[in-house]
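Colleague: I'd like to go through this protein with you. Could you put it up for us?

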Amino acid sequence: MMLDALVNTLTKYVTLSPEEVDIIESLFIFRSFRKRQYILQEGEIARFETFIVKGVTRTFEVDEKGQEHVLQFGLEDWWIGDLYSFLTETPTKSNIDCLEDTQVYQITKPNLEILYERVPKMERHFRIVIQNAYIASIKRVASSLAKTATERYLDFTTQYPQIEQRVPNHQIASYLGITAQSLSRIRSQAHKKQQ
């Protein structure tokens, strides 16, 4: 059942035979993490690319003043990790922790290379995933430079529907680059406009 979630995502862009699904199953590792447990911590080398089956994660960095800056949330059917650290085998500056009990499938860099070799169409899948992630990253930077806090909040609620029930307000505010008080005010104004 858990593997179905991974296979369904992998078949968004390619068709897989039962034999190819068996290869995939042999190369991925299933893991469970508890709420507040880290999947990756600053200073480690990212050894896995991670697919979320169930749960919510937060990718963040900590500045020299100890302030956390949320870069991304991860939800069901999303890939998370530090691709730069994963590919270059250098220490990450990011942290990834679980905001809920979380279940994932992970693949190592050597196993990913084996996957590309044994199921070449998986390169197409991951190329599309990386392209989409790059586009989302560029859009996020442009949004943070050009949009108001209210516009960023509305974009966030579109990108992450129902996440407000799963993630603490101060972390959403950090992701948006605003204070928790500003987020509260923006939400209040948005709800008044909807009525």
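Colleague: What share of the accessible surface of the protein belongs to carbon and sulfur atoms?

Modeller: First, this is a predicted model, where local features need pLDDT of at least 70, side-chain atom pairs count only at pLDDT 80 or more, and totals for chains, interfaces and linings use all residues. Residues are numbered from 1 along each chain as its sequence is written, and side-chain values use heavy atoms, with hydrogens and water left out. The accessible surface, from the Shrake-Rupley method with a 1.4 Å probe, comes to about 11300 Å². The carbon and sulfur share is 52%.

Colleague: How many of the 195 residues, as a percentage, are buried?

Modeller: Buried means under 20% relative accessible area (1.4 Å probe, protein chains only). By that cut-off, the buried part of the protein is 40%.

Colleague: Which helix gives the largest share of the largest nonpolar core?

Modeller: A nonpolar core is a set of buried Ala, Val, Leu, Ile, Met, Phe, Trp, Tyr and Cys residues joined through side-chain atoms within 4.5 Å. The largest one has 33 residues, and L6, L10 and L115 are among those touching the most other members. Helices are DSSP runs (H or I, at least four residues), numbered from the N terminus. Five residues, the largest share, come from residues 2–10, helix α1.

Colleague: Which residue follows α7?

Modeller: Helix α7 covers residues 169–176, and its buried residues include I172 and L176. After α7 comes a residue with a positive phi, near 75°: G177.

How values were computed. Buried < 20%, exposed > 50% of the residue type's maximum accessible area, 1.4 Å probe, protein only. Helix = DSSP H or I, 4+ residues; strand = E, 2+ residues; numbered from the N terminus.
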